[in-house]
Amino acid sequence: MSDRIVVTGAAGQVGRFLTARATAEGRPVLALNSAQWNIADPVAAPVLNSGDVVVNCAAYTNVDGAEAAPDDAHAVNATGPANVARACAQAGARLIHISTDYVFGGDAQRGPGRPYELDDPVDPVNVYGRSKLDGERAVAAALPTATVVRTSWVYTGGDGNDFAAVMAGKARAGQAVDVVDDQIGSPTYTGDLVAALLQIIDERLEAPLLHAGNAGEASRFEQARAVYAAVGADPELVRPVGSGAHPRPAARPAYSALAGQQSERAGLRPLPPWRDAVARALAEGRPLAGYPLGRD
Ligand SMILES: NC(=O)c1ccc[n+]([C@@H]2O[C@H](COP(=O)([O-])OP(=O)(O)OC[C@H]3O[C@@H](n4cnc5c(N)ncnc54)[C@H](OP(=O)(O)O)[C@@H]3O)[C@@H](O)[C@H]2O)c1
C-alpha cells in the first residue's frame, strides 16, 4: 500500500488534478477543500498519520486581488503553509508545498534564454509573490525535510478560468484577442505538474527546493497562439500587445521562466516541452469534476 496522500486546496486547479489522478491510480487519498482544512486556521488540521504525504495545493491565488488584501494573502500563503508544516512535523508526515515563479523579479539581468534556477536570488514584485516567498521560508523553518516545488503559469485544458481555458473558449468562438507579448514564463500543464508531484512522492526525492515547469519559455501571446492552433482556430486571430495596453493592479515580472537543470540533477524528470503540453492539455480536456472531497 502506498503512502496516503493528503491534498489541501483540493477543489483548486492543481488539487483537483492531483486528487483525480491519484485516486484513478488506486492510491489512498484524503482530499480536503478550504472548508475541510482551512490552512490559515492554526487548529484546523485533520488527524495526520506518520507516513502521510501532505501536498499543500491551497493558496490565495488572486494575484491582482492580493494587492488590496495583503493580510488575506499572507494568512493563506505564509501563515497557512507554516501551520501545515507544523502539523506535518508533529505527525511525522512528509510535506510537499507548491510555490511560484512570481518569487522572482524578472529584472534587467534576465531575459529570453536565461531562466531562473533554484539558487538565483528572489525578488518578488507583487504582494502575492512576497506572500508566497514568506510561505517558502516558513515551510523550510518549520519542517526542513519538506520539499518546496515552484511551478509557473499553471493551466488546464478545460473550461475553467485559467488562461489556456479562457483562450480555448475564445478560439472555439472564432474571436480575435489581444494578448501581451512582453511577459515571458514557463506555461505549465496541470497534468504534467501532477506527474512531477507523484514522482517526488514515489521516489522520495528529498530536495528542499525544486522547479517543475514545462520545458522552455513563452510569452502569453505565444501561449495563446499555441492554444488557438491546438483547437484548430486561426492563430492569427491572436494579436500581440504590450502590457501597457492591459493595466492590472499587480505588477508582473516581465520574465520569470523556470530552469530545470538543477532539479533534474536532484532527481526530478524534466517536464515535457511547453508547446507539446498545450496540445495534450487541450486534447485531454478537464477529466476531473465530481471527485467526492473529504473521502479516503
Ligand atoms: N495557477 C497558477 O498559474 C500558478 C502558478 C504558479 C504557482 N501556483 C501555485 O500552485 C498552487 C495551486 O494553485 P492552483 O492553480 O491550483 O490555484 P487555485 O485553483 O486557485 O486553487 C487554490 C485552492 O486553495 C484553496 N484555498 C484558499 N484559501 C484556503 C485556505 N485558507 N485553506 C485551504 N484552502 C484554501 C481555494 O479554495 P476556495 O476557492 O474555497 O478559496 C482553492 O481551491 C498554489 O500554491 C499556487 O500558488 C499556481
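How many residues surround the ligand, and which are the closest? In this predicted model, the ligand is surrounded by 24 residues, and Gln13, Ser34, Thr61, Tyr128 and Lys132 are the closest of them. By class, this shell is made up of 13 nonpolar residues, 10 polar residues and a single charged one.

A look at individual atoms brings the polar side of the site into view. The side chain of threonine 61, already named among the closest residues, places a polar atom 2.6 Å from an oxygen atom of the ligand. Two further residues approach through the backbone: an N or O atom of the isoleucine 39 backbone lies 3.0 Å from a ligand nitrogen, and a backbone N or O atom of tryptophan 37 lies 3.5 Å from a nitrogen atom of the ligand. How much of the ligand does the protein cover? On its own the ligand has 890 Å² of accessible area, and 77% of this is covered by the protein.

Where, then, does the ligand sit? The ligand is found in the largest pocket. Two or more residues of the shell around the ligand come from each of α1 (13–24), β4 (94–100) and α4 (127–142). With three residues, β4 makes the greatest contribution to that shell.

The pocket itself deserves a description of its own. The largest pocket has a volume of about 1,500 Å³. Its lining comprises 50 residues, and those closest to the pocket centre are Gln13, Thr61, Val63, Val154 and Arg220. Gln13 and Thr61 are also listed among the residues closest to the ligand. At least two lining residues apiece are supplied by α1, α2 (63–68), β4, α4, β6 (154–155), α5 (163–172) and β7 (177–180). In terms of residue class, the lining of the largest pocket divides into 22 nonpolar, 16 polar and 12 charged residues, while the shell around the ligand includes one charged residue.

Readers interested in other open space may turn to the second largest pocket, which holds about 270 Å³. Nineteen residues line the second largest pocket, and Ala215, Leu258, Ala259, Gly260 and Gln261 lie nearest its centre. Which helix gives the most to this lining? Helix α8, spanning residues 261–265, leads with three residues. The lining of the second largest pocket contains nine nonpolar, seven polar and three charged residues.

Conventions:
Residues are numbered from 1 along each chain as its sequence is written. This is a predicted model: local features need pLDDT of at least 70, side-chain atom pairs count only at pLDDT 80 or more; totals for chains, interfaces and linings use all residues. Side-chain values use heavy atoms; hydrogens and water are left out. A residue is near a molecule or strand if one of its heavy atoms lies within 4 Å of it. A polar contact is a pair of N or O atoms within 3.5 Å; within protein, one must be able to donate a hydrogen and the other to accept it, and residues adjacent in sequence count only if both atoms are side-chain atoms. Accessible areas come from the Shrake-Rupley method with a 1.4 Å probe; for residues, only the protein chains shown count as cover. On a 1 Å grid over the protein atoms alone, a cavity is a set of points where a 1.4 Å probe fits but cannot get out, and a pocket is an open set with protein on both sides within 12 Å along at least five of seven lines; lining residues have an atom within 4 Å of a point. A molecule sits in a cavity or pocket if more than half of its atoms lie within 2 Å of its grid points. Helices (H or I, at least four residues) and strands (E, at least two) are DSSP runs, numbered from the N terminus. Ala, Val, Leu, Ile, Met, Phe, Trp, Tyr, Cys and Pro count as nonpolar, Asp, Glu, Lys and Arg as charged, and the others, Gly among them, as polar. Grid points are joined across faces, edges and corners, and a volume is the space filled by probe spheres set on the points.
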